[in-house]
Amino acid sequence: MKKIFTVLTGLLIVTSLFAAPVKRTDDTKDLAEFWNENDIKIVCNDIINQVVRSPRIDRFERDNDRAPVVIIGRIENESSERIDTSIVEKKLENAIINSGVCEFIADRSQRDILHDELRYQSDHASADTAKDIDEELGADFMLNGSVKTVVEVGKKETQKTYHVIVQMIDLQTHRVVFSTENDEITKLYKNSKKKI
């Protein structure tokens with residue numbers, strides 16, 4: 001048992017010697033050089049502030065006497081690492097809904113579940129309470145985007161910059177009515193030492 005403990009302790013010490021500390025350009029502390037919760041918060045807050053202040057949203061509301069109806073399409077991961085972009089999608093959706101400037105409808109997977117419920121109601125619920133399957137609210141705009149990385153590798157350090165691009169597209173005309181990019185997240189970390 002002592003031998004196993006000694007081996008594990010030794011491995012932990014060796015691993016910590018080769019761990020690459022990460023320095024962000026915004027001085028936020030990271031445990032590793034990868035995309036994380038802090039990055040999501042910074043990017044989403046910036047993008048949300050831009051969406052809710054967009055003059056296109058104001059113009060739509062003036063012209064139509066109602067808030068625009070939006071659906072989240074997809075935020076694609078086109079970066080050099082594994083990123084769960086569904087978290088970004090949900091944070092954007094929640095924040096914009098809570099801002100009150102847009103109405104949101106359910107995404108495709110949620111609508112499939114809702115359609116099953118509506119079919120069930122049409123067969124089993126009373127006529128007074130059953131909801132009609134063809135009374136859905138149509139979206140005016142779809143929010144799509146991507147996360148990309150630019151990686152610069154030097155002799156001793158590597159710099160990684162994340163580019164998050166979001167566009168709002170008019171579903172009727174396919175016209176891009178809003179587009180923004182956040183490239184605030186840049187991380188600098190030492191390259192790990194290789195054994196000779």
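This report walks through the fold of one protein chain, from its overall layout to its strands, helices and core.

## The overall layout

Let's start with the big picture. The structure is a predicted model. Its protein chain contains five helices and seven strands. Reading from the N terminus, the order of these elements is α-β-α-α-β-α-β-α-β-β-β-β.

The chain has 196 residues, and 32% of them count as buried. Of the contacts with a separation of 6 or more, 65% are between residues 24 or more positions apart.

## How the strands pair

Strand E2 is a good place to begin, and it covers residues 69-78. E2 runs parallel to strand E3 (residues 103-104), and two bridges join them. Here Val69 has Glu103 in E3 as its bridge partner. E2 also runs parallel to E4, this time with seven bridges. Look for Glu76, which stands opposite Ser146 in E4.

Now follow Ser146 onward: it also stands opposite Ile165 in E5. E4 and E5 pair in the antiparallel sense over 13 bridges, and a hairpin of three residues joins them.

## Strand E5 and its other partners

Is E5 mostly enclosed or open? Ten of its 14 residues are buried, so E5 is largely enclosed by the rest of the structure.

E5 pairs with E6 in the antiparallel sense, over six bridges. Val164 and Asn182 in E6 are bridge partners. The hairpin of E5 and E6 has five residues between the strands, and in it His174 takes a positive phi near 65°. E5 also pairs with strand E7 (residues 186-190), again in the antiparallel sense, over five bridges. In that pairing, Thr161 stands opposite Thr186 in E7.

## Two helices side by side

Next, turn to helices H2 and H4. They pack at an angle of about 40°, and their axes are 10 Å apart. That angle makes H2 oblique to H4. The crossing in which H2 passes H4 is right-handed.

Which residues in H2 and H4 meet? On the H2 side, they include Ile40, Cys44, Ile47 and Ile48. On the H4 side, they include Val88, Leu92, Ala95 and Ile96.

## The nonpolar core

Nonpolar side chains tend to be buried together in soluble globular proteins. In this model, the largest nonpolar core has 29 residues, and Trp35, Leu92, Ile96 and Met168 have the most contacts inside it. Two or more core residues come from each of helices H2 (37-52), H3 (55-64) and H4 (85-99), and from each of strands E2 (69-78), E4 (141-153), E5 (157-170) and E6 (176-182). H2 gives the most, with six residues.

Leu92 gives you a view of how these parts come together. Leaving aside its neighbours within four places in sequence, Leu92 is in contact with Cys44, Ile47, Ile48, Ile72, Ile75 and Val166.

## A buried glutamate

Finally, find Glu93 in helix H4. Is Glu93 buried or exposed? With a relative accessible area of 10%, Glu93 is buried, because the cut-off for buried is under 20%. Not counting residues up to four places away in sequence, Glu93 touches Ile72 and Phe104. Ile72 is a residue to look at twice, as it is also among the contacts of Leu92.

Note on methods:
Residues numbered from 1 in each chain as written. Predicted model: local features only at pLDDT ≥ 70, side-chain atom pairs only at ≥ 80, totals over all residues. Heavy atoms only, no water. Core = buried A, V, L, I, M, F, W, Y, C linked by side-chain atoms within 4.5 Å. Buried < 20%, exposed > 50% of the residue type's maximum accessible area, 1.4 Å probe, protein only. Helix = DSSP H or I, 4+ residues; strand = E, 2+ residues; numbered from the N terminus. Contact = heavy atoms within 4.5 Å. Pairing = 2+ DSSP bridges. Axes fitted to C-alpha atoms, helices over the stretch in contact; angles between N-to-C directions. Parallel < 35°, antiparallel > 145°, perpendicular 65-115°, else oblique. Left-handed = near helix turned anticlockwise from the far one by under 90°.
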